[in-house]
Amino acid sequence: MTDWKIPLYKIYSDDEDLNLITKIIKRGRDWALGPEIEEFENSLANYVNSDYCVSLNSGTSALHASLLSNGISQNHEVIVPSFSFISTANSVLFVDAIPKFADIEDTTFGLDPKSVSKMITPKTKAILPMDYAGMSCKIFELNEIAQKNNLILIEDAAECLGSSINGKKIGSISDTTIFSFCGNKVLTTGEGGAVITNSKKEYEKIKLIRSHGRLDKTNFFNNPSASDYLDLGYNWRMSSMTAALGISQLSKLDKIIDLRKNNAKFLSSKLSKFSSIRVPAPPIGYDHIYQMYTIRLSNQSLRDNLHDFLTQKKIFSKVYFNPIHLTEFYKKKFNLKENSLPQTETISSQVLTLPLYPNMENEEKNYIVESISEFFEKRE
């Protein structure tokens, strides 16, 4: 179905986005490795109050590069959530390490620190939590566990740029934080990602990794001299046009977040009257930027029926996320079973993400609320 009355998301853009892209196209050079790359990286590092930022071509590349740069490899274990996009776990396999699935808690839908503590073994090298839908997991508690056990904390904040806890920006807490800028994110460049760190060593290592292991003192495409290659690397660079979109989007990120918050507030005020729906409720001190607006139904049957009903009404809703450990690949590879992560499996069976985007019209928001009201009226 493509004729949705209300899509799951729409990208917020303006003339500034168009003008910056046009400027790069018209100059006829430096579409790769242009000055926009460092400008975007510096702006992003400043925004989250961190020392270093490396841009890459995707959030998945950012995860992969973070694990490589931290020396995580064969026989190392990395504790991950199963309630996440699959690249969180896949990135661990990319470096021949072993993903160990811990359970989540139902306040933030992030890794449960108690479950994580039980998963630590002598082989554990890192904890890789994921921030769900625009709100941080219990990152301070996880950071304490990591420090106590001499583990690396790599935060998958793909969905969380702009969020904070007690005024401290996500990206300034963990050893390493990754962001994604793919199409449905609050700051989007179509595709793209970044690694944030305070470690100069990691910063330099990831710059090598993203560009074939090549040491570039000057722009490779403008350098008539031969380059040296110091390590094995990949082609994970962000383009100049992508970075320009990042610069433009970052300049209005707080405005975009405010628009999302206002729309989420409207939906929550209307949907909270239904006893079978739990609307998003950030804990005290947690800033939710609503990269997704996810409700939780009282049981799976109700969730699935509402999902089907909204589809009939041409409202795009989606389940984020089904458990990674129950996908065919992971079940076969690690002999994983159902009921092994009870909280993950329960929450996954009850969540439903509804449309939310900055420039939602009142008619769109009202149509969502009216359709959900109609669904419940028909069940009475």
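The following paragraphs describe selected local features of a predicted model, beginning with a helix and its surroundings and moving on to strands, backbone geometry and two individual residues.

Helix α1 makes a convenient starting point. The helix comprises the 13 residues 15–27. At 1.5 Å a residue, these should span 18 Å, and the C-alpha atoms at the two ends are indeed 18 Å apart, so expectation and model agree. At the start of the helix, the side chain of Asp14 places an oxygen within 3.1 Å of the backbone nitrogen of Glu16. Just after α1 comes Gly28, whose phi is positive at about 75°.

How are the residues of α1 divided between buried and exposed? The buried ones are Asp17, Ile21 and Ile24. Because these three cover an arc of only 60° around the axis, they lie on the same side of α1. The general geometry of helices is helpful here: with 3.6 residues a turn, an α-helix has residues three or four places apart pointing the same way. The buried residues of α1 pack against two other helices, α2 (35–48) and α8 (240–251). On the other side of α1, the exposed residues are Asp15, Leu18, Asn19, Lys23 and Lys26.

The loop that connects α1 to α2 contains Asp30. The phi of Asp30 is positive, near 55°, although this residue is not a glycine. For comparison, most residues other than glycine have a negative phi. Asp30 has a relative accessible area of 17% and is therefore buried, falling under the 20% limit.

Attention now turns to the strands. One open sheet has three strands in the order β12-β14-β15, and their pairing is antiparallel. β12 (277–278) and β15 (351–354) take the edge positions; each has a single partner strand, so one side of each has no neighbour in the sheet. Strand β14, residues 293–297, runs antiparallel to β15 and is joined to it by four bridges. Within this pair of strands, Tyr293 is set opposite Leu354 of β15.

Helices also accompany this sheet. Helix α10, formed by residues 300–312, packs on the sheet and touches β14 and β15. The direction of α10 makes about 25° with that of β15. Helix α9, formed by residues 253–271, lies across β12, β14 and β15, and runs at about 15° to β14.

Parallel pairing is found among strands β2, β4 and β5. Strand β2 (residues 77–81) pairs in the parallel sense with β4 (residues 124–127), over three bridges. In this pairing, Glu77 has Thr124 of β4 as its bridge partner. β4 also pairs in the parallel sense with β5 (residues 152–156), here over two bridges. Ala126 stands opposite Ile152 in β5.

The loop between α10 and α11 (328–334) deserves a look for its backbone. Phe321 is found in this loop, and a cis peptide bond with an omega of about 10° joins Tyr320 to Phe321. Lys314 belongs to the loop between α10 and α11 as well. Lys314 is not a glycine, yet its phi is positive, at about 65°. With a relative accessible area of 28%, Lys314 is partly exposed, since this value lies between the limits of 20% and 50%. As a general background to these two features, most peptide bonds are trans and most residues other than glycine have a negative phi.

Two further residues complete the picture. What surrounds Thr88, a residue of helix α4 (residues 87–94)? Leaving out residues up to four places away in sequence, Thr88 touches Leu63, Val80, Pro81, Leu128, Met130 and Asp156. With Asp156, the contact includes a polar one between the two side chains, at 2.7 Å. The relative accessible area of Thr88 is 0%, so this residue is buried.

The second residue, Asp112, is located in the loop between β3 (98–102) and α5 (113–119). Asp112 and Ala102 are ten residues apart in sequence, and their C-alpha atoms are 7.4 Å apart in space. When neighbours within four places in sequence are left aside, Asp112 is in contact with Asp103, Ile104 and Glu105.

Methods
Residues are numbered from 1 along each chain as its sequence is written. This is a predicted model: local features need pLDDT of at least 70, side-chain atom pairs count only at pLDDT 80 or more; totals for chains, interfaces and linings use all residues. Side-chain values use heavy atoms; hydrogens and water are left out. The expected span of a helix is 1.5 Å times one less than its number of residues. Buried means under 20% relative accessible area, exposed over 50%, partly exposed in between (1.4 Å probe, protein chains only). The arc is that of the directions from the helix axis to the C-beta atoms. Contact means heavy atoms within 4.5 Å. A polar contact is a pair of N or O atoms within 3.5 Å; within protein, one must be able to donate a hydrogen and the other to accept it, and residues adjacent in sequence count only if both atoms are side-chain atoms. Two strands pair if DSSP finds at least two bridges between them. Axes are lines fitted to C-alpha atoms, for helices over the stretch in contact, and angles run from 0 to 180 degrees between N-to-C directions.
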